[in-house]
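Student: I should like to go through the terms applied to this model and see what each of them rests on. May we take them one at a time?

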Amino acid sequence: MKQQLKNLIERVLIARPNASLEDIRNLVPVMRDKSDDEIEKMVTPIRNQRAKRSR
């Protein structure tokens with residue numbers, strides 16, 4: 001995943017920690033043509049990493 005896209009997803013998750021896939025799709029224009037599975041594959045590792053840091 002490109003670093004710039006990863007940073008953008010992280011910022012969305014900071015602003016909206018419980019963002020749904022639909023929210024992410026609407027907030028990140030590059031993601032609009034992606035399927036739910038593709039978005040989930042990108043977002044899950046970032047959410048897991050954030051969860052580990054918050055412990």
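Student: Why is E10 said to have no salt bridge?

Tutor: The model is a predicted one. In it, the side chain of opposite charge nearest to E10 is R53, 4.5 Å away. A salt bridge requires a side-chain nitrogen of Lys or Arg within 4 Å of a carboxyl oxygen of Asp or Glu. E10 therefore has no salt bridge, although E10 is buried.

Student: Where is E10 found, and which residues is E10 in contact with beyond its neighbours within four places in sequence?

Tutor: E10 is found in helix 1, residues 3-15. With those neighbours left aside, E10 is in contact with I46 and Q49.

Student: What makes V43 count as buried?

Tutor: The relative accessibility of V43 is 0%, and buried means under 20%. V43 therefore counts as buried. This residue lies in helix 3.

Student: How far apart are V43 and E10 in sequence and in space?

Tutor: They are 33 residues apart in sequence, while their C-alpha atoms are 8.5 Å apart in space.

Student: Which residues does V43 touch, not counting those up to four places away in sequence?

Tutor: V43 touches I9, L13 and I24. Those three, together with M31, are the residues that touch the most other members of the largest nonpolar core, which has 13 residues. Helix 1, helix 2 (21-27) and helix 3 (36-54) each supply at least two residues of this core.

Student: Why might one expect nonpolar side chains to be found together?

Tutor: In soluble globular proteins, nonpolar side chains tend to be buried together.

Student: Which residues is M31 in contact with, leaving aside neighbours within four places in sequence?

Tutor: M31 is in contact with L5, I9, I24, R25, I39 and M42.

Student: What is the secondary structure of the protein as a whole?

Tutor: It comes to three helices and zero strands, and the elements run α-α-α from the N terminus on.

Student: Why is the protein called as compact as a globular protein of that length?

Tutor: Its radius of gyration is 11 Å, and the globule rule gives 10 Å for 55 residues. The two values are close, so the protein is as compact as a globular protein of that length. Along its principal axes, the C-alpha trace spans about 35 × 20 × 20 Å.

Student: How much of the protein counts as buried, and how much area does the protein expose?

Tutor: Of the 55 residues, 27% count as buried. The protein exposes about 4,200 Å², of which carbon and sulfur atoms supply 47%.

Methods
Residues are numbered from 1 along each chain as its sequence is written. This is a predicted model: local features need pLDDT of at least 70, side-chain atom pairs count only at pLDDT 80 or more; totals for chains, interfaces and linings use all residues. Side-chain values use heavy atoms; hydrogens and water are left out. Helices (H or I, at least four residues) and strands (E, at least two) are DSSP runs, numbered from the N terminus. Buried means under 20% relative accessible area, exposed over 50%, partly exposed in between (1.4 Å probe, protein chains only). Lys and Arg count as positive and Asp and Glu as negative; His and the chain ends are not counted. Contact means heavy atoms within 4.5 Å. A nonpolar core is a set of buried Ala, Val, Leu, Ile, Met, Phe, Trp, Tyr and Cys residues joined through side-chain atoms within 4.5 Å. The radius of gyration is taken over C-alpha atoms; the globule rule is 2.2 Å times the number of residues to the power 0.38. Accessible areas come from the Shrake-Rupley method with a 1.4 Å probe; for residues, only the protein chains shown count as cover.
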